[in-house]
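Please look through the sequence and the model below. The paragraphs that follow go from single residues to the whole chain and back.

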Amino acid sequence: MFTSLLSTFFIAVGLAMDAFSVSLAGGAVLKKNVFRTALVAGLLFGFFQFAMPLIGYVIGVPITNLIMPYGYWLVFFLFLFVGGKMIYDAVFGSEECGIDLTGWKVLLLLAVATSIDALAVGVSYALLGEEILLPAVIIGVVAFGFSAAGVFVGNRLGCVLGNKMEILGGVILVLIGCKFLLENVL
């Protein structure tokens, strides 16, 4: 079995790091309505982190038979790509500190953008024939918690942690991909 609950939790933490980083940046510039913004950000980020693996799973199921001989390698490369992209974006991305999380359009766009990597995870679960509902729930709940906490922490600490958390999330996903490959192929 690819994912134990512990592995699923670590996948969820890795996926939540970009939402956490955005929430930190959003909290850094908030002057009022911190609790409300944390709740709304948590709900939106959590919902999309929950929904994207389900969508990825639905996309992945029909193509499973076509790529089954390469499935394990594809899963490894998906995790490597998603984690590597998170690390790259954190190191070479924008240096600006704050993000305005008070507008619905911006918050919705950020929630979708930070959950795209969860789509690839859903495809990975489909390729492996794993169930997706419980992992999607765990991913969504962890993203909710990290996003809401990120707003509060960002409001207190400013711009200190943002990129470091995204790098950590990327490293976690790359390591999970390597662990998966070592356990199933080599």
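In which helix does Ser-23 lie? Ser-23 belongs to helix α1, where helices (H or I, at least four residues) and strands (E, at least two) are DSSP runs, numbered from the N terminus. The model is a predicted one, in which local features need pLDDT of at least 70 and side-chain atom pairs count only at pLDDT 80 or more, while totals for chains, interfaces and linings use all residues. Residues are numbered from 1 along each chain as its sequence is written, and side-chain values use heavy atoms, with hydrogens and water left out.

The chain has six helices and zero strands, and its pattern along the sequence reads α-α-α-α-α-α. The average pLDDT, the predictor's confidence in each residue from 0 to 100, is 82 for the chain. A score of at least 70 is reached by 85% of the residues. Among the elements, α5 has the highest mean pLDDT, 93, and helix α6 (residues 162-184) the lowest, 74. Where pLDDT is low, the predicted coordinates should not be read in detail.

Of the 186 residues in the chain, 50% are buried. Buried means under 20% relative accessible area, exposed over 50%, and partly exposed in between (1.4 Å probe, protein chains only). Contacts, meaning heavy atoms within 4.5 Å, can also be sorted by separation along the chain. Of those with a separation of 6 or more, 94% join residues 24 or more positions apart.

Two residues of helix α1 serve as examples. Ser-23 counts as buried because its relative accessibility is 0%. Not counting residues up to four places away in sequence, Ser-23 touches Phe-45, Leu-101, Ser-147, Gly-150 and Val-151. Asp-18 is also placed in helix α1, and its relative accessibility of 9% makes it buried. With residues up to four places away again left out, Asp-18 touches Gln-49, Met-86, Thr-114, Asp-117 and Glu-166.

After α1 (5-29) comes a loop that leads to α2 (34-67), and Asn-33 is found in this loop. The phi angle of Asn-33 is near 55°, a positive value in a residue other than glycine. Most residues other than glycine have a negative phi. Asn-33 is partly exposed, since its relative accessibility is 45%.

Helix α2 contains Val-58. Is this residue, Val-58, buried or exposed? Val-58 counts as exposed because its relative accessibility is 59%. Its C-alpha atom is separated by 7.6 Å from that of Ala-126, although the two residues are 68 residues apart along the chain. Val-58 and Ile-132 are 74 residues apart in sequence, and their C-alpha atoms are 9.8 Å apart in space.

Ile-132 lies in the loop between α4 (104-128) and α5. Ile-132 is buried, as its relative accessible area is 8%. Leaving aside neighbours within four places in sequence, Ile-132 is in contact with Pro-53, Leu-54, Tyr-57, Gly-122 and Tyr-125.

Helix α3 offers a view of aromatic rings. A pair of aromatic rings is described by the distance of the centres and the angle of the planes. Rings of Phe, Tyr and Trp (its six-membered ring) pair if their centres lie within 6.5 Å; planes under 30 degrees apart count as stacked, over 60 as edge-to-face and the rest as tilted. The whole structure holds eight aromatic pairs. In the pair of Trp-73 and Phe-76, the ring centres are 6.2 Å apart and the planes are at 90°, so this pair is edge-to-face. Trp-73 and Phe-76 are separated by about one helical turn, because they are three residues apart in helix α3 (residues 71-92). Trp-73 is partly exposed at 37% relative accessibility, whereas Phe-76 is buried, with a relative accessible area of 11%. Together with Phe-77, these two residues, Trp-73 and Phe-76, form one aromatic cluster.

The last stop is the surface. The chain exposes about 9300 Å², of which carbon and sulfur atoms supply 74%; accessible areas come from the Shrake-Rupley method with a 1.4 Å probe, and for residues only the protein chains shown count as cover. Leu-5, Leu-133, Leu-134, Val-137 and Val-141 make a nonpolar surface patch of about 480 Å². Helix α5 (residues 133-157) gives the largest share of this patch, four residues. Patches are made of residues with over 30% relative accessible area and no salt bridge: like charges are joined within 9 Å, nonpolar side chains (Val, Leu, Ile, Met, Phe, Trp, Tyr) within 5 Å. A salt bridge is a side-chain nitrogen of Lys or Arg within 4 Å of a carboxyl oxygen of Asp or Glu. Leu-133 is found in helix α5 and is exposed, with a relative accessible area of 54%.
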